[in-house]
Amino acid sequence: VPVPNIRNFSIIAHIDHGKSTLADKLLETTGTVQKREMKDQFLDNMDLERERGITIKLQAARMRYVCDGEPYCLNLIDTPGHVDFSYEVSRSLAACEGALLVVDASQGVEAQTLANVYLALENNLEIITVLNKIDLPGAEPDRVLQEIEEVIGLDCSNAILCSAKEGIGITDILNAVVKRIPPPTDTSQKPLRALIFDSYYDPYRGVIVYFRVIDGTVKKGDRIYFMASKKDYFVDEIGVLSPNQLEVDELYAGEVGYISASIRSVADARVGDTITHFSRKAESSLPGYEEATPMVFCGLFPVDADQFPELREALEKLQLNDAALKFEPETSSAMGFGFRCGFLGLLHMEIVQERLEREYNLSLITTAPSVVYRVNCTSGETVECSNPSALPEPGLRRSIEEPLVKIEMLTPKDYIGSLMELAQDRRGEFKEMKYIAENRASLTYKLPLAEMVGDFFDQLKSRSKGYASMEYTFVGYEESDLIKLDIHINGEPVEPLATIVHKDKAYPIGRALTQKLKELIPRQMFKVPIQACIGSKVIASEALSAIRKDVLAKCYGGDITRKKKLLKKQAEGKKRMKAIGKVDVPQEAFMAVLKLE
Ligand code: GDP
Ligand code: MG
């Protein structure tokens, strides 16, 4: 297919608005995937993704489509659907000339819709508005179109009404992709520049790199050079994604495909990097490359100390496939040997934890997530600290800076008050409120990232009965009045329970945390004091009494199912205990600080 007949596009949408369903329908309609081989949602192929209904890793698919008798090659590049991965979204959009903006006609513009549209506009993409789910009785296409025009400022006069589920409007969409999205420019003569928008590790072939050729051509056997990682390799295999890998000889400017080149780790072929030829290097790399910066850290410790080597091996394997995952060994007198791990955000952290447990069968204790603080020391030095227990002593530090984010919440107006209360309670600084439609408002706050880590998103959802949505972006560091809160159990400081809190919140947090820990830690044969301390000063104190109540005594009479349930619960609890001194501390206790009322 000549370059003028190529179209490269993405689908952008808020979660659940129908991106995957539409992608499947496009593949089916173009005959790319036969109906009988269609798994539901072909493009989301990780189990975890499917279970959670989120798109984590992007993939691509090449479709053949005939429009007015002319054959076209349409490359659909899927984007991940979560704010933790917005850098990856931006790179896959940079590989396209256009995007389908999918909005649920029964819902309207949501926070993620906006964030993705801004990324598309930054990349100069032609945007085709698609109103999905028009089959629903609650669909209000006119209202939603007006909302899109007003909020985003897009001309919606040629928006397409569609039902991905019922197959309505699919050919209109394919025709619009051909007619409205510009073809790539033919720059095959220039030195090679290809943009990596995804990569994954295959245990047999090494890293498989997905890319869009921006300039030049690349073929099997070529010696290629990665401009950011400065590594070079020979291309073993090159091909297109249809959507399964199909080998070809050569790929030209404008085309999308994959290569394998015996690359051992995705860190050598990172999303956003530029591929060029080793012997005819491009003058400059493609714009927009960024290093992955972990924003959230936590400690991961095997429940059973013998599993430490297995944990290391599992993390190393995951890292081959995840350039953003960082880890280093951490030893704590309380927890033994483990790792301090860094993640892009909370979802990323949960995904890694879940994979370690499911795919590698590890039983882990996870400590509460922490952000990265910058500590200005009296020595004049500035140190980064992602582990509260490692915070330099008060005498050694002059000030502490913490990371801040700008968050935008979109909500029906009934919940504005409750969400403002939430943001204020989390040390949010009010920035702006505007009505984006008669019944819906956008609230913008600047807020410490530390206050977002934890249950902020759950709170937003529960306070708005699920109707509010949000997005956040990192804005920078600011000095704040922070102190370290230590927890002592049975007279001993427990490092993994230490947290960094704002001075004004230390007392209420100390009280709530000791109470919570008292509920979570099982009673022992002896009395166990639980104290919250700032330095050597005790600010809150509770005690577990020594009475070892027979838990079954509560189940008087013959209620056997309840008895069984209780025993089962106890057995599960046992799996995730860490003996700290003489006291068994369950997993939940390490996360208690996130769930205080
Ligand atoms: P994504 O999160 O944007 O990928 O959304 P999905 O494609 O997973 O769709 C979310 C939900 O909406 C699923 O339950 C789909 O079956 C449903 N859905 C998608 N498109 C339509 C549609 O056109 N009509 C109706 N009624 N439901 C749809
Ligand atoms: Mg999806």
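**Strands and their partners in a predicted model**

Mentor: Strands S17 and S20 (residues 364-366) pair in the antiparallel sense, with 3 bridges between them. Keep in mind that this is a predicted model.

Trainee: Which residue in S20 stands opposite Leu300?

Mentor: Start from the pairing of S17 with S20, which is antiparallel. Within that pairing, the residue of S20 that faces Leu300 is Thr366.

Trainee: How many residues of S17 are buried?

Mentor: Good one to check on both faces. On one side sit Val296, Cys298, Leu300 and Pro302, and on the other Phe297, Gly299 and Phe301, and all of these are buried. For S17 (residues 296-302), the count of buried residues is therefore 7 of 7, taking buried as under 20% relative accessible area.

Trainee: What is the bridge partner of Val296 in S19?

Mentor: S17 also pairs with strand S19 (residues 336-343), antiparallel and over 5 bridges. In S19, Val296 has as its bridge partner Phe343.

Trainee: Let's turn to the open sheet. Which strands stand at the edges?

Mentor: The open sheet has 6 strands with mixed pairing, in the order S2-S3-S1-S4-S5-S6. A strand at the edge has a single partner strand, so one side of it is left without a neighbour in the sheet. Those strands are S2 (60-67) and S6 (160-161).

Trainee: What angle does the direction of helix H6 make with that of S2?

Mentor: Helix H6 (residues 170-180) packs on the sheet and touches S1, S2, S3, S4, S5 and S6. Its direction and that of S2 make an angle of about 90°.

Technical notes
Residues are numbered from 1 along each chain as its sequence is written. Chains are lettered from A and ligands numbered from 1 in the order in which they are written. This is a predicted model: local features need pLDDT of at least 70, side-chain atom pairs count only at pLDDT 80 or more; totals for chains, interfaces and linings use all residues. Side-chain values use heavy atoms; hydrogens and water are left out. Two strands pair if DSSP finds at least two bridges between them. Helices (H or I, at least four residues) and strands (E, at least two) are DSSP runs, numbered from the N terminus. Contact means heavy atoms within 4.5 Å. Axes are lines fitted to C-alpha atoms, for helices over the stretch in contact, and angles run from 0 to 180 degrees between N-to-C directions. Buried means under 20% relative accessible area, exposed over 50%, partly exposed in between (1.4 Å probe, protein chains only).
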